[in-house]
Amino acid sequence: MKRSSILIVVGLAVLGIVVAIGASILHDGLSSRATPSKLETAIARNVHRLAIPSNARSAQNPVIASEEDLRVARLHFADHCATCHGNDGGGRTLIGDGLYPKPPDLRLPETQNLTDGEIFWIIENGVRFTGMPAFANAGEHGGHGGSQDSWKLVHFIRHLPHLTAAERMEMERYNPKEPDDRTEEQEENDFLNGAAPKAKPESQNHHPQ
């Protein structure tokens, strides 16, 4: 076969692959409600792993797991991560279901088989083209205490498949709340502590007769 013919065949093959990948990515238009195809998922997973520096993959967790550090990480996860990932790490939340791609189930092998260094790198640097933000510089504004908090979160993510009902209940108290939810919670606490209920302001549309 002539060289020109070989180049044409290779070119057509490459074009076919590009078209297939494009069709896979753009299925269902640009809607974030779509579910990534198997091809897109496989490509994204492999590209993502290749994007993590080798020295980051081999990094060892410098934080020794303890009950106290695990609890700190659990409550930190409830406040910072559960909005998308859920308290159980399953990713089935209002925000998570609206993202494309959806947050991974952190309890499954796709995450649990990652090295500690890979999980730490993802927490610190985020994942481009997804809803996963980078927390490396979030200490000043987001309440994230730097790399130590990230390493503690690695321990908690390892613990997610074994999360207990009691731990989930405690996490619920630390989930971000809307103002109305906070007001209702405060009223419940006041009632339980014997405080007189506060009078609710009259509607601005109410006029005395």
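**Exercise 1.** In this predicted model, decide whether E167 is buried or exposed, then find its salt-bridge partner.

*Solution.*
Step 1: Start with the accessibility. E167 has a relative accessibility of 14%. The cut-off for buried is under 20%, so E167 counts as buried.
Step 2: Look for the partner. The side chain of E167 meets that of R74 in a salt bridge, at 3.6 Å from N to O.
Step 3: Place both residues. R74 sits in helix 4 and E167 in helix 11 (residues 165-172); the two are 93 residues apart, and the pair links distant parts of the chain.
Step 4: Check R74 too. With 7% relative accessibility, R74 counts as buried.
Step 5: Widen the view. R71, R74, E167 and E170 are linked in a network of salt bridges.

**Exercise 2.** Work out which helices the salt bridge between R158 and D116 ties together.

*Solution.*
Step 1: Take the distance. The side chains of R158 and D116 come to 2.7 Å, N to O.
Step 2: Assign the helices. R158 lies in helix 10 and D116 in helix 8 (residues 116-125), so this pair ties together parts 42 residues apart in sequence.
Step 3: Add the accessibility. R158, at 25%, counts as partly exposed, and so does D116, at 23%.

**Exercise 3.** Find what D69 pairs with, and where the partner lies.

*Solution.*
Step 1: D69 forms a salt bridge with K152, with the closest N and O atoms 3.7 Å apart.
Step 2: D69 belongs to helix 4 (residues 67-80) and K152 to helix 10 (residues 147-159), so parts 83 residues apart in sequence are tied together.
Step 3: K152 counts as buried, at 17% relative accessibility.

Conventions. Residues numbered from 1 in each chain as written. Predicted model: local features only at pLDDT ≥ 70, side-chain atom pairs only at ≥ 80, totals over all residues. Heavy atoms only, no water. Salt bridge = Lys/Arg side-chain N within 4 Å of Asp/Glu carboxyl O. Helix = DSSP H or I, 4+ residues; strand = E, 2+ residues; numbered from the N terminus. Buried < 20%, exposed > 50% of the residue type's maximum accessible area, 1.4 Å probe, protein only.
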